[in-house]
Amino acid sequence: SSYSVVSEWDKSEMNKTFKSSAMSVSSLEDQHERKMLVDQKEAEKYKAKGNSYMASRDYVAAIEAYTSAIQLCSSGPASHVYYSNRAAALCYLERYEEAEADSEHSLALNPTYGKAHARLGLSRFFMGDYRGAVDAYSTALEYDPDNAASKSYLAKAKSRLKLSQSNSNKLEMSETLPQDKQVGNSDIIHGEDETLEAFMRNPQMSGQAKKMMDNPEMQRMAKRAMADPSMVETMVSAMKEMM
């Protein structure tokens, strides 16, 4: 009988302990949630301040305001906006590497946020990463297809990428051409192309030749002659006819 009473008392105390613990956990969770809500509201105030500073072109103050918002709420429902807005302010100050990092952080929180993709594209564009800029702007337009700025910079990034690829290909060709076909090689000036050397030694001919090299057709012939020595004589004949 005494065992039963003690046992029942133990059970009763255990239940009280469990209930008390559960209430404590619940209370802590409620406190945490309340604090999060308060922080989110304060963060929104800092975001509004940052937007105001952006409107007045005070980008340093804007960055400070967005940073305060991030410090209060780094992973809340609107935190991706704080990072993206700070990226925009950083771009205005030409701090593109930091802007790229903030844009990527924004997208880690919300991968469908079009503005963050656009700001990622802008930072990469000015860092010279044209392929990365094309990718970012292309994605930005998937979420915001009517954004004129994104369309414009996508076109610019594609143009710069094409130009950089073209220059890279020309450099590779120059490095892989046989020595007798590279610009400035002695075989082009001497040896089998003495005709050009004699032509250019004549002061009158040389002066006229320099003027004629402004002619687009002559420029094209000169480029072909650099890669094909057999074209030199043809170019010299053409220059004589034009004089």
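**Loops, helices and aromatic pairs**

In this predicted model, Arg57 is found in the loop that runs between α1 (2-55) and α2 (59-72). Although Arg57 is not a glycine, its phi is positive, at about 65 degrees. The residue has 66% relative accessibility and therefore counts as exposed, the cut-off being over 50%. A second loop offers another case: Glu94 lies between α3 and α4. Here too a residue other than glycine has a positive phi, near 60 degrees. Glu94 is exposed, with a relative accessible area of 58%.

Just after this loop comes helix α4, which covers residues 96-109. Its 14 residues reach 20 Å from the first C-alpha to the last, close to the 20 Å expected at 1.5 Å a residue. Which residues of α4 are buried? They are Tyr96, Ala99, Glu100, Asp102, Ser103, Ser106 and Leu107. These residues cover an arc of only 165 degrees around the axis, so they fall on the same side of α4. The spacing fits a familiar rule: an α-helix has 3.6 residues a turn, so residues three or four places apart point the same way. On the other side of α4, Glu97 and Ala108 are exposed. The buried residues of α4 pack against two helices, α3 (79-92) and α5 (114-126).

Two residues of the buried set of α4, Tyr96 and Ala99, also belong to the largest nonpolar core. This core has twelve residues in all, and the others are Met54, Tyr59, Ala62, Ile63, Tyr66, Ala87, Ala88, Ala89, Leu90 and Cys91. The elements that give two or more residues to the core are α2, α3 and α4, and the largest share, five residues, comes from α3. In soluble globular proteins, nonpolar side chains tend to be buried together. Tyr66, one of the core residues, has contacts beyond its neighbours within four places in sequence. Those partners are Lys47, Gly50, Asn51, Met54, Tyr82, Asn85 and Arg86.

A second, separate core has eleven residues, including Val134, Tyr137, Ala140 and Ala157. Among these, Val134, Tyr137 and Ala140 are buried residues of α6, as are Tyr130, Gly132, Ala133, Ala136 and Leu141. Helix α6 (residues 130-143) has 14 residues, which should span 20 Å at 1.5 Å a residue; its end C-alpha atoms are 20 Å apart, which agrees.

Turning to the aromatic side chains, a search of the whole structure finds seven aromatic pairs. In one of them, the ring centres of Tyr96 and Phe126 are 5.2 Å apart and the planes meet at 15 degrees, so the pair is stacked. It links distant parts of the chain, since Tyr96 is in helix α4 and Phe126 in helix α5, 30 residues apart. Tyr96 counts as buried at 16% relative accessibility, whereas Phe126 is partly exposed, with a relative accessible area of 40%.

Phe125 and Tyr153 form an edge-to-face pair, 5.3 Å centre to centre with 80 degrees between the planes. Phe125 lies in helix α5 and Tyr153 in helix α7 (residues 148-176), so this pair ties together parts that are 28 residues apart in sequence. Phe125 is buried, with a relative accessible area of 6%, while Tyr153 is partly exposed at 21%. The charged end of Lys156 sits over the ring of Tyr153, 4.5 Å from its centre. Tyr96, Phe125, Phe126 and Tyr153 join Tyr130 and Tyr137 in one aromatic cluster.

Definitions and conventions:
Residues are numbered from 1 along each chain as its sequence is written. This is a predicted model: local features need pLDDT of at least 70, side-chain atom pairs count only at pLDDT 80 or more; totals for chains, interfaces and linings use all residues. Side-chain values use heavy atoms; hydrogens and water are left out. Helices (H or I, at least four residues) and strands (E, at least two) are DSSP runs, numbered from the N terminus. The expected span of a helix is 1.5 Å times one less than its number of residues. Buried means under 20% relative accessible area, exposed over 50%, partly exposed in between (1.4 Å probe, protein chains only). The arc is that of the directions from the helix axis to the C-beta atoms. Contact means heavy atoms within 4.5 Å. A nonpolar core is a set of buried Ala, Val, Leu, Ile, Met, Phe, Trp, Tyr and Cys residues joined through side-chain atoms within 4.5 Å. Rings of Phe, Tyr and Trp (its six-membered ring) pair if their centres lie within 6.5 Å; planes under 30 degrees apart count as stacked, over 60 as edge-to-face and the rest as tilted. A charge sits over a ring if NZ of Lys or CZ of Arg is within 6 Å of the ring centre and within 35 degrees of the ring normal.
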